[in-house]
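Here is a guided walk through a structure, written for someone who likes to keep the coordinates open while reading. Load it up, and let us go from single residues out to the whole assembly.

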Number of protein chains: 2
Amino acid sequence: MCRGDDANCPQFELHYRAFREDLDHERRGFLKSSFVAAGGIATLGAAGASLVTPALAQATAAKSPAVPKSHYLPANADTVHWGYFSKSLKPRVEVDSGDIVTIETLTHHANDDAERMVEGDPGAESVFLWTKDKKGVDRRGAGPTDPKVYKKGSGEGQGVHVMTGPVYVRGAEPGDVLEVRILDCVPRPCANPKFKGKAFGSNAAAWWGYHYNDMLSEKREVVTIYEVDAAGAKSWAQAVYNFKWVPQTDPFGVVHETIDYPGVPVDHAKTSRNFDVLKGVRVPIRPHFGTLGLAPSEVEFVDTIPPNYVGGNIDNWRIGKGATMYYPVAVEGGLLSVGDPHASQGDSELCGTAIECSLTGVFQLVLHKKGDLAGTPLEELNYPMLETKDEWLVHGFSFANYLKELGAEAQSAIYGKSSVDLAMRDAFRKMRHFLMTTQKLTEDEATSLMSIGVDFGVTQVVDGNWGVHAVVKKAIFAGRA
Amino acid sequence: MCRGDDANCPQFELHYRAFREDLDHERRGFLKSSFVAAGGIATLGAAGASLVTPALAQATAAKSPAVPKSHYLPANADTVHWGYFSKSLKPRVEVDSGDIVTIETLTHHANDDAERMVEGDPGAESVFLWTKDKKGVDRRGAGPTDPKVYKKGSGEGQGVHVMTGPVYVRGAEPGDVLEVRILDCVPRPCANPKFKGKAFGSNAAAWWGYHYNDMLSEKREVVTIYEVDAAGAKSWAQAVYNFKWVPQTDPFGVVHETIDYPGVPVDHAKTSRNFDVLKGVRVPIRPHFGTLGLAPSEVEFVDTIPPNYVGGNIDNWRIGKGATMYYPVAVEGGLLSVGDPHASQGDSELCGTAIECSLTGVFQLVLHKKGDLAGTPLEELNYPMLETKDEWLVHGFSFANYLKELGAEAQSAIYGKSSVDLAMRDAFRKMRHFLMTTQKLTEDEATSLMSIGVDFGVTQVVDGNWGVHAVVKKAIFAGRA
């Protein structure tokens with residue numbers, strides 16, 4: 001039986017409805033959210049302002065099936081790839097432009113507390129399975145897979161995110177733009193009956209955090225487990241407990257002195273849990289996908305950590321429900337993958353992680369063909385662009401395309417070149433380009449407007465290729481002819 | 001007759017009321033704003049959360065007069081100092097803790113369009129007066145005042161802001177904290193009958209802007225004049241015209257090839273004005289004071305451009321109506337000065353200036369004595385802290401106290417050391433300190449919270465000592481015991 005993800009199945013509609021209902025009952029109601037009734041491809045945003053012109057929408061619609069199909073991509077050991085993007089990955093689902101895909105994502109930090117984030121959840125259990133003989137997903141990272149070479153484990157943890165996908169978009173070719181509308185984004189409830197109706201996430205203040213070499217007392221990694229209210233009555237998360245990382249021996253016998261390989265099961269017999277943590281502190285939730293993007297063309301296996309021109313680990317908390325991303329397509333089919341789900345994060349993601357919490361998203365994928373982009377705001381897009389109801393955002397990085405700019409050693413070199421200053425420079429140039437191309441401003445107009453009406457913020461300082469975003473409000477242009 | 005600024009005048013109350021009414025009719029109504037009825041010293045913020053504990057408020061109130069007095073400090077050649085802070089300046093008004101001071105401020109860019117920003121306004125005319133024989137305010141900047149030494153003009157433009165003040169707070173001593181509540185902040189209407197009911201500002205995309213060495217075509221300085229709606233019906237500014245800076249000869253005969261000295265009258269017979277600029281673009285207004293702070297103790301004359309531990313040119317647009325600043329007092333009397341008024345600015349102030357627009361502010365100054373700070377959130381304050389209704393913000397700089405850190409040549413050295421990376425590091429450390437001292441979090445709790453509930457943004461990249469601010473919402477702590 002298809003799980004509602006095979007449009008060719010004679011009973012597809014029935015199966016898909018079953019999945020929707022399943023999701024509705026088990027996972028949703030959550031946050032009093034509801035599935036957005038997805039409009040047609042030509043639907044404009046709420047404000048009526050979109051980077052997709054009516055003419056482009058029409059051209060795109062003409063190339064897309066009249067009725068969007070729905071797909072469901074669960075997260076399990078067969079549907080995820082761990083720690084890397086790759087243009088060579090076999091698609092897990094194929095869609096047409098305009099189709100809607102529900103995608104489950106799992107946090108790679110679930111094994112920080114398996115009782116709360118893995119147990120009783122078949123999908124998570126299949127992914128995090130790790131016995132002395134077998135791993136549910138062996139390769140974790142873009143690094144070496146030869147046991148004679150790696151030290152920590154297959155893939156060497158060079159890239160850490162559990163990515164669901166890829167999704168193959170039929171007809172997508174390099175030069176096209178893929179529009180990804182996030183119709184919904186909800187936490188994945190804990191499957192362990194002991195914690196019924198709750199959801200959990202993990203925040204690791206880790207060795208790659210911005211604070212790590214600048215601590216007031218001895219260096220340590222500290223993991224804090226957070227709970228998100230599953231009844232939907234509260235819009236905040238609260239800490240449950242924290243613990244200092246102590247060396248953990250994985251089922252294959254490798255000792256992990258630090259958090260150096262994803263998915264290592266934490267043995268809490270060895271940790272000391274402190275439940276007197278952040279008492280009364282309420283963290284506003286901002287559910288979003290830390291890592292969402294397409295496969296790059298430059299390299300066969302790409303570490304998921306540094307964000308890049310085709311998106312990936314941008315770690316902007318605004319990439320949640322209601323947001324739309326635009327990506328330049330670099331390889332055939334685009335190959336969209338989603339992971340690194342977050343319940344909340346601040347601008348900077350200072351300590352190295354957010355509240356890492358499994359989420360399920362509903363995405364509508366719209367393919368704009370290169371030939372239709374001329375003269376539209378998307379014509380010269382060569383960076384990942386974010387559109388919310390009220391704002392447009394560009395993402396600057398220390399290196400706009402580090403894979404191309406830093407040569408053969410790019411994937412290791414990038415970590416030595418992290419810089420907010422460089423990301424600010426890139427964000428400035430991208431915002432200028434955005435204002436000049438999409439709003440048809442002169443350079444002088446764009447320069448003045450950037451100083452008085454555009455806000456620059458620090459996206460993250462922990463992903464190798466550091467990020468600064470620039471935000472401009474759509475309302476600024478509402479009075480234009 | 002006193003102008004309502006001398007509490008010892010037998011007719012002070014009458015004179016002050018006259019000023020208030022004058023202001024009400026001529027300058028206000030503007031933006032449908034109204035003078036906030038200032039509460040007593042012990043009044044808490046709207047949210048009930050303030051860095052001033054009830055005990056501290058009580059101790060402070062006990063040391064302050066029971067009834068706050070009101071003062072009025074107009075802006076004219078006698079009440080401003082231009083381009084520098086100095087611990088040696090003669091106070092323009094003396095106040096007690098709890099007093100309310102209305103302070104006029106003038107933008108140093110008014111002479112970019114004297115017709116719209118100077119003419120008919122006696123205060124502005126007295127400040128910007130410049131004939132072949134006389135300048136209304138001769139010294140402009142912390143630089144040399146010896147005509148044999150300076151090249152551009154007295155003070156050499158090493159510091160550019162027209163600062164009204166200083167205000168001497170009786171009893172203020174090093175180690176105390178001065179709380180500055182901004183009760184109101186309104187634009188100064190144009191005094192030229194030709195533009196009745198309007199207000200204007202200037203945005204200069206100048207050689208010190210972040211964009212300048214990174215332009216797409218030839219380097220140029222471009223000034224854009226903006227209009228703010230004076231009827232209060234619109235919450236946005238719009239461009240009137242722009243012009244490229246061409247060499248301007250000042251009345252003393254010095255040629256200014258670039259914008260290198262403040263207050264040079266622009267001769268529009270030599271410029272080419274382009275009125276086809278930013279058509280239909282509406283810039284949301286955010287009236288605020290770019291430069292507000294106390295005199296530092298380290299040096300006699302201090303350039304107003306780089307912000308510092310006692311505040312100054314922080315250039316955060318949130319320092320407007322309803323905001324409260326807390327400053328460590330460095331010299332006797334504190335010596336508060338205000339200037340660099342802005343109608344709007346984005347986070348980064350990218351091109352070098354905001355919409356530079358004269359404003360009038362109403363400030364309540366509350367002095368917290370060192371002896372009362374022990375055990376309160378203000379105890380270890382050694383940086384300028386911003387509190388709004390809903391948020392607390394710390395300000396990181398490339399150098400927290402550049403005057404002390406960079407030695408004898410600090411005032412020139414700072415411009416060669418501008419860095420967002422360093423400002424981010426300082427903002428991180430200050431926010432950690434803030435959370436640990438004011439919210440009594442452990443280092444591990446503060447580190448986790450910074451990653452998931454604190455937003456870091458780029459304040460400015462144009463003031464030598466570059467800035468990154470960190471924002472935390474008060475509501476995060478609303479559930480604490």
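A:H81 sits in strand β2 of chain A, which covers residues 80–82. This is a predicted model, so please take every distance below as computed from the predicted coordinates. Is A:H81 buried or exposed? Its relative accessible area is 3%, and because the cut-off for buried is under 20%, A:H81 counts as buried. Its side chain has a polar atom 2.7 Å from the backbone oxygen of A:Y84. Leaving out residues up to four places away in sequence, A:H81 touches A:L89 and A:S337, and also a group made up of A:H161, A:V162, A:M163, A:G165 and A:P166.

Stay in chain A and turn to another histidine, A:H268. You will find A:H268 in the loop that runs between β12 (255–256) and β13 (283–284). Although A:H268 belongs to a loop, it is buried, with 17% relative accessibility. The side chains of A:H268 and A:T271 make a polar contact at 2.9 Å. Beyond four places in sequence, A:H268 touches A:D112, A:D113, A:Y241, A:F243 and A:R273. If you would like a distance to check, try A:R220: it is 48 residues from A:H268 along the chain, and the two C-alpha atoms are 17 Å apart.

With those two sites in view, step back to chain A as a whole. How many helices and strands does chain A have? There are eight helices and 24 strands. Of its 481 residues, 64% count as buried. Among contacts in chain A with a separation of 6 or more, 75% join residues 24 or more positions apart.

Confidence deserves a look as well. The average pLDDT of chain A is 92, and 89% of its residues score at least 70. Over residues 23–39, however, the pLDDT is below 50, and this stretch has 47 contacts in the model beyond near neighbours in sequence. Residues 43–47 of chain A also stay under 50 in pLDDT, and the model has six contacts for them beyond four places in sequence. For the model, the scores are ipTM 0.92 and pTM 0.92.

Now cross over to chain B, starting with a lysine. B:K135 lies in the loop between α4 (122–128) and β6 (162–169). Is this lysine, B:K135, buried or exposed? B:K135 counts as buried, at 8% relative accessibility. A polar atom of the B:K135 side chain is 2.9 Å from the backbone oxygen of B:D138. Apart from neighbours within four places in sequence, B:K135 is in contact with B:L129, B:W130, B:R140, B:S154, B:F252 and B:Y261.

B:W130 turns up again around a proline of chain B. B:P251 touches B:W130, along with B:T131, B:K132 and B:P265, when residues up to four places away in sequence are not counted. The loop that holds B:P251 joins β11 (248–249) and β12 (255–256). B:P251 is partly exposed, with a relative accessibility of 27%. B:G201 is 50 residues from B:P251 along the chain, with 23 Å between their C-alpha atoms.

That leaves the place where the two chains meet. Here 67 residues of chain B are in contact with 67 residues of chain A. The area buried between them is about 5,400 Å², with carbon and sulfur atoms giving 53% of it. On the chain B side, B:Y210, B:S451 and B:I452 lose the most area to chain A, together 13% of what that side buries. The rule finds 10 salt bridges across the interface. One to inspect is the salt bridge between A:R286 and B:D455, whose closest N and O atoms are 2.9 Å apart. Which element supplies the largest share of the side of chain B that touches chain A? That is α8(B), with 10 residues. The residues of that side divide into 31 nonpolar, 19 polar and 17 charged.

Finally, take a closer look at α8(B) itself. This helix is mostly covered, with 10 of its 11 residues buried. Among the buried residues of α8(B) are B:S451 and B:I452, the pair named above for the area they lose to chain A.

Terms used: Residues numbered from 1 in each chain as written. Chains lettered and ligands numbered in written order. Predicted model: local features only at pLDDT ≥ 70, side-chain atom pairs only at ≥ 80, totals over all residues. Heavy atoms only, no water. pLDDT = per-residue confidence, 0-100. Contact = heavy atoms within 4.5 Å. Buried area = accessible area lost by both parts, 1.4 Å probe. Salt bridge = Lys/Arg side-chain N within 4 Å of Asp/Glu carboxyl O. Helix = DSSP H or I, 4+ residues; strand = E, 2+ residues; numbered from the N terminus. Nonpolar A, V, L, I, M, F, W, Y, C, P; charged D, E, K, R; others polar. Buried < 20%, exposed > 50% of the residue type's maximum accessible area, 1.4 Å probe, protein only. Polar contact = N/O pair within 3.5 Å; in protein donor to acceptor, adjacent residues only side chain to side chain.
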